[in-house]
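Me: I would like a close look at a single part of this protein, followed outward to whatever it touches. Please keep it plain.

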Amino acid sequence: MTSLETLSAAQARRITLAAQGFTDPGPGGTADLRHLRRVLRRLHLIQMDSVNVLQRAHFMPLYSRLGPYPPALLERAAYRRPRELFEFWGHEASLIRVDLQPLFRWRMARAHEYAWGNMRRIVAEQPELVAWVLDEVRERGPVTANDIEHDAPRRKDHWGWNWSVVKQALEWLFWSGQVTAAERTTSFARRYDLPERVLPPAVLNAPTPEPEEAFRSLVELSARALGVAAEPELRDYFRLPAQAGRRAVAQLVEAGTLRPVTVPGWRQPAYLHAAARLPRRVDVATLISPFDPLIWQRERTERLFGMTYRIEIYVPKPQRRYGYYVLPFLLGDRFAARVDLKADRRAGVLEVPAAWLEPGADPVTTAEALAAELRRLAGWLGLGAVAAPVAGDLAGPLTAALIAR
């Protein structure tokens, strides 16, 4: 990499973008399984989210790095044999490289500590129900909660986020590794099945590492994916316990895998992975999902890119500053704009409720690049048109760029 003990903010930014796969060569055509694997070797996992105002969150990181790829490629990798991915709690709900499954068994074994309160409560208060649900999955799987809950003893009516007791039991079994996700329905509901009917035998038969070994391996993978990062970010990537994460960082420094470096403006010590690469430049123009690992850590995003970013889905509409589902626009190695987007699938239009210019970015250059990216995104989503932006300080230049096509 480099012998520098001090990295500038620009160097740290370029190292991060390279580690995240933004400097890898494009597919040069239609992306295939090789390209998907290359991205997964960079990121290790992809966060999932149910919001579908534009596109499901787990499809977007691949798009940002590969361009318009066949979404069925990811579906096949996650839910068809031979599986490349499995669902579990990595960084929130995630699709994780299937070969990493043994590194998460410590979390399954500690479900009584880490699972949500209603899951722990159901197994403590109704263990017979949990056992019944597991038997149902064993006999009938793959199944959704709806497939079996009408047969459940002491059924409890529910609405919205008030999960039924069957759903709570299934999620407990999922968290503790006794069941896994075989696939997703069209409505994004999990179909649960036994791990031995879903995961590859080589993964199931792999030895279970000691927790300390797993923590060290996961922090090393985090460091590879981030390039250079502070200690809290290294453990946040896989949501690791604080003390275990700090100990793993110290061990990796001692082994020479991580090297302490100084980045001006960073209040906490930074650690550079031994395999990190510093490109001379980053030439990219792409939109980044709110759930992309590049911007998981909002404080890190501010330090690296000088951009304050918050997702405003859960903010009341009158209090939103930029919009409901806002994606930063990466141009070169900086965020040049942010744009609120919505896919109107019935009308076949990519709506742009707002477009905003980031400080220091050129409005004309940015608008032209963003217009090209919006057309590319619309084509990938199967939408025939891009609507003119409604609001935002970049709305005028972007409208002109869209018209000038």
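How many bridges join strand β9 to β10, and do the two run parallel or antiparallel?

Reply: The model is a predicted one. In it, strand β9 (residues 285-287) is joined to β10 by three bridges, and the two strands run antiparallel. One pair that can be located by eye is Ala285, which stands opposite Leu331 in β10.

On its other pairing, β10 is joined to strand β11 (residues 334-344) by six bridges, again with an antiparallel run. Here Leu327 of β10 stands opposite Val339 in β11. The two strands make a hairpin with two residues between them. Gly332 sits in that turn and has a positive phi of about 70°.

Strand β10 itself covers residues 326-331, and five of its six residues are buried, so the strand is largely enclosed by the rest of the structure. "Buried" here means under 20% relative accessible area.

These strands belong to an open sheet of five, in the order β9-β10-β11-β12-β13, and the pairing is mixed. The edges are β9 and β13 (385-386), each of which pairs on one side only. Strands in a sheet pair through backbone hydrogen bonds, in either the parallel or the antiparallel sense. Helix α16 (residues 363-381) lies across β9, β10, β11, β12 and β13, and runs at about 60° to β9.

A residue to look at in this sheet is Pro353, placed in strand β12 (residues 349-357). Pro353 is partly exposed, with a relative accessible area of 28%, a value that falls between the 20% and 50% cut-offs. Apart from neighbours within four places in sequence, Pro353 is in contact with Asp340, Leu341, Lys342, Val390 and Ala391. Asp340, Leu341 and Lys342 fall within the residue range of β11. Pro353 can also be set against the start of β10: Val326 is 27 residues away from Pro353 in sequence, and their C-alpha atoms are 9.5 Å apart in space.

Another hairpin makes a useful comparison. Strand β2 (residues 85-90) has six of six residues buried, so β2 is largely enclosed by the rest of the structure. Its side chains divide by direction: Leu85, Glu87 and Trp89 point one way, while Phe86, Phe88 and Gly90 point the other way, and all are buried. Strand β3 (residues 92-97) pairs with β2 over six bridges in the antiparallel sense. Within that pairing, Phe86 has Ile96 of β3 as its bridge partner. One residue links β2 to β3 in their hairpin, whereas the β10-β11 hairpin has two residues between its strands.

Strands β2 and β3 also help to cover a helix. In α2 (residues 33-43), the buried residues include His35, Leu36, Arg38, Val39, Leu40 and Leu43. Their cover includes β1 (45-47), α3 (60-66), α4 (71-79), β2 and β3. An α-helix has 3.6 residues a turn, so residues three or four places apart point the same way.

Some backbone details deserve a check in the viewer. Most residues other than glycine have a negative phi, and most peptide bonds are trans. His44, just after α2, takes a positive phi of about 75°. The loop that holds His44 runs between α2 and β1, and His44 is buried, with a relative accessible area of 1%. Phe188 likewise has a positive phi, near 75°. Its loop lies between β4 (180-184) and β5 (190-193), and at 14% relative accessibility Phe188 counts as buried.

There are cis peptide bonds as well. Arg81 and Pro82 are joined by one, with omega about -10°, and Pro82 is in the loop between α4 and β2. Gly141 and Pro142 are joined by another, with omega about 0°. Pro142 lies in the loop between α8 (127-140) and α9 (145-149).

Last, the internal space. The count comes to one cavity of 30 Å³ or more, and the largest cavity holds about 60 Å³. Its lining is made of Leu226, Glu233, Asp236, Tyr237, Pro293, Trp296, Gln297 and Arg300. By type, the lining residues divide into four nonpolar, one polar and three charged.

Methods:
Residues numbered from 1 in each chain as written. Predicted model: local features only at pLDDT ≥ 70, side-chain atom pairs only at ≥ 80, totals over all residues. Heavy atoms only, no water. Buried < 20%, exposed > 50% of the residue type's maximum accessible area, 1.4 Å probe, protein only. Helix = DSSP H or I, 4+ residues; strand = E, 2+ residues; numbered from the N terminus. Pairing = 2+ DSSP bridges. 1 Å grid on protein atoms, 1.4 Å probe; cavity = no way out; pocket = protein on both sides within 12 Å on 5 of 7 lines; lining within 4 Å. Points joined across faces, edges and corners; volume = space filled by probe spheres on them. Nonpolar A, V, L, I, M, F, W, Y, C, P; charged D, E, K, R; others polar. Contact = heavy atoms within 4.5 Å. Axes fitted to C-alpha atoms, helices over the stretch in contact; angles between N-to-C directions.
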